[in-house]
Amino acid sequence: MIIIVHRNTQEISRLYKNGEVLNSQYNTVCNVIWEMAERFPDEIIIWVEEKFVNLINKPQLNNIFCNKRIMASYAVDSNFFSHSLGYIDQMPFININPRVKYATWLMSTDVGGIFGRTLSYFKSECGDIIDFGYLINSIAKKGQQNGLFCYSHPDLITNASKCDIHTKASLKQEFSFVYSNYKTVWVFVFFWCQWRYENKFPLISFLKCFFRKKKFGIKLNLPFPDKLNEIKINHEDSIDVIIPTIGRAEYLENVLKDLNNQTHLPANVIVIEQHLNGSNSSRIEHLDNNTWKFNLNIITLDTAGVCKARNIGLNLVTSNWIFFADDDIRFSPGLLEKGMTEAAKFDCEAINMNCKQEGEKTIFHNIKQWGSFGSGTSLVKNKFARKCNFSEIFEEGYGEDADYGMQLRNLGCDIIYHPEIQILHLKAASGGFRSIINEESTKSKEFPKPAPTIMAFALRHFTKQQLKGFKLSLFLKFYKEKSILNPFIFLRSMQKRWELSEKKAYDLIKMSKSKTEV
């Protein structure tokens with residue numbers, strides 16, 4: 001293990017390898033960290049601000065860096081970038097929960113680490129960066145899209161007490177970072193938000209960023225060595241399956257057949273059948289007469305509600321893992337075994353599978369941290385899954401899966417997308433598990449924008465900068481459709497629809513809190 005002790009990211013204070021003093025021909029942090037990566041590719045390279053060196057939680061470091069895909073840091077009192085990046089980035093990696101291991105590419109110079117060989121993969125793209133804070137955030141941002149698992153990890157230090165966090169990056173650095181790592185249009189959005197919301201007019205920083213090298217969309221070949229290539233799953237690890245359904249007996253039966261053919265069988269399959277319009281006649285009761293290799297538990301509800309249905313299923317699970325499944329999917333016999341094997345290999349607690357319709361091509365080809373959550377195609381550890389619930393705020397709209405994913409993240413559960421674990425989504429034309437939304441009302445000029453359920457998600461999980469950035473991007477998106485050409489009339493109309501959405505979203509949240517209290 002290499003420990004690089006620095007003074008305010010500028011110069012090296014001390015340098016150790018397993019407690020022994022090391023020498024280096026360099027004195028700047030960026031040069032030294034590249035040198036250490038080359039000299040000691042199989043060592044964990046730890047950086048730490050001099051004033052925090054006694055806080056390093058050395059007994060936990062091998063557990064934190066349990067495989068060579070991991071990069072982690074922790075902000076004791078400083079982050080490099082400010083919350084301003086939320087204006088142009090509404091992904092969940094921006095709003096960090098400092099109390100748990102949280103997936104994020106935002107790295108702090110206070111304390112952190114990465115394997116030497118993993119770091120070396122980035123030298124060709126990042127070797128010219130001379131500011132250490134800018135360097136580690138650039139590595140994490142590019143790396144996360146190419147298979148690097150990046151975290152804010154409180155276990156890096158022995159006393160993660162709450163304190164005021166300050167930031168180190170200049171506006172010039174933030175503009176350069178946005179230009180290098182996002183589509184160019186977001187530079188203009190970032191400039192407008194600085195002017196509109198921060199009362200700044202950083203014209204020089206805005207103009208200078210265009211002279212930097214554009215690195216957005218770069219794909220890196222990161223040949224991470226698999227941590228447990230020979231790993232076999234523990235067949236004592238059981239799986240329960242939760243499937244909500246409405247009126248799709250034929251599709252559902254095929255899902256059950258696929259589960260029946262699994263090389264690692266589920267212990268329990270919990271089907272929650274919902275009825276529309278108060279009907280209590282079951283369309284799937286005949287499926288209970290089949291001889292399945294698992295325990296089939298069919299629960300019937302006299303109302304439709306996918307969130308309610310999944311929550312009922314969650315209360316009934318007893319296994320170590322939960323597979324959240326849709327009722328119109330097909331998959332191979334090795335799906336569950338592959339999912340559990342890969343979860344063990346990468347030491348992760350939730351896997352989002354690659355769900356495609358017939359003829360669709362895979363868009364993302366890398367195993368990577370996922371910014372979303374699929375409530376019909378995911379494998380999640382019970383110890384996290386049952387601490388969350390599908391909020392009934394989203395019952396008459398969409399967003400319950402994204403909200404559930406955020407609950408998982410805030411418990412310290414990372415969500416990994418795996419392109420090689422594939423599911424075919426048949427996209428049945430009718431039925432399903434959700435009551436029908438009035439499509440005509442959504443086209444009305446008086447209909448709230450965004451939908452109140454989407455607004456409720458934003459109010460729950462966005463920073464104030466992300467919320468403002470979301471509003472701006474939404475306005476720009478709908479103005480491009482040119483439904484109203486006059487920009488002033490358009491802005492007045494959209495502002496009314498935004499305010500209506502906010503009001504309805506707050507009503508939903510208030511109603512949800514009242515139900516919880518009862």
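Leu203 sits in helix α8 of this predicted model. With a relative accessible area of 38%, Leu203 is partly exposed, because that value falls between the 20% limit for buried and the 50% limit for exposed. On the surface, Leu203 joins Trp192, Trp195, Phe201 and Leu207 in a nonpolar patch, and together these residues have about 530 Å² of accessible area. Two helices, α7 (185-197) and α8 (203-208), each give at least two residues to the nonpolar patch.

Let us turn to the largest pocket. It holds about 1400 Å³ of space. Which residues come closest to its centre? Of the 40 residues in the lining, they are Met91, Lys141, Gln145, Phe364 and Lys368. The lining is a mix of 17 nonpolar, 15 polar and eight charged residues. Several elements each supply at least two lining residues, among them α5 (132-144), α6 (171-181) and α13 (400-409).

Phe364 deserves a second look. You will find Phe364 in the loop between β16 (350-356) and β17, and its relative accessibility of 36% makes it partly exposed. Phe364 and Ser176 are 188 residues apart along the chain, and their C-alpha atoms are separated by 26 Å.

Another loop residue to look up is Asn146, located between α5 and β9 (149-152). Is Asn146 buried or exposed? Its relative accessible area is 6%, so Asn146 is buried. Measuring from C-alpha to C-alpha, Asn146 and Thr463 are 26 Å apart in space and 317 residues apart in sequence.

Now for the charged pairs. Side chains of opposite charge can pair when their charged atoms come close. The structure holds 19 salt bridges, including the three in this table.

| Salt bridge | Closest N and O atoms |
|---|---|
| Glu50 and Arg14 | 4.0 Å |
| Lys17 and Glu43 | 3.7 Å |
| Glu349 and Lys101 | 3.7 Å |

What does the bridge between Glu50 and Arg14 tie together? Glu50 is in the loop between β4 (44-49) and α2 (61-64) while Arg14 is in strand β2 (residues 11-17), so this pair connects parts 36 residues apart in sequence. Glu50 is partly exposed at 27% relative accessible area, and Arg14 is partly exposed at 32%. Both also belong to a network of salt bridges that links them with Arg7 and Glu11.

Lys17 lies in strand β2 and Glu43 in the loop between α1 (29-39) and β4, so their bridge ties together parts that are 26 residues apart in sequence. Lys17 is partly exposed, at 23% relative accessibility.

Glu349 and Lys101 link distant parts of the chain, 248 residues apart. Glu349, at 12% relative accessibility, counts as buried.

Notes
Residues are numbered from 1 along each chain as its sequence is written. This is a predicted model: local features need pLDDT of at least 70, side-chain atom pairs count only at pLDDT 80 or more; totals for chains, interfaces and linings use all residues. Side-chain values use heavy atoms; hydrogens and water are left out. Patches are made of residues with over 30% relative accessible area and no salt bridge: like charges are joined within 9 Å, nonpolar side chains (Val, Leu, Ile, Met, Phe, Trp, Tyr) within 5 Å. Accessible areas come from the Shrake-Rupley method with a 1.4 Å probe; for residues, only the protein chains shown count as cover. A salt bridge is a side-chain nitrogen of Lys or Arg within 4 Å of a carboxyl oxygen of Asp or Glu. Helices (H or I, at least four residues) and strands (E, at least two) are DSSP runs, numbered from the N terminus. Buried means under 20% relative accessible area, exposed over 50%, partly exposed in between (1.4 Å probe, protein chains only). On a 1 Å grid over the protein atoms alone, a cavity is a set of points where a 1.4 Å probe fits but cannot get out, and a pocket is an open set with protein on both sides within 12 Å along at least five of seven lines; lining residues have an atom within 4 Å of a point. Grid points are joined across faces, edges and corners, and a volume is the space filled by probe spheres set on the points. Ala, Val, Leu, Ile, Met, Phe, Trp, Tyr, Cys and Pro count as nonpolar, Asp, Glu, Lys and Arg as charged, and the others, Gly among them, as polar.
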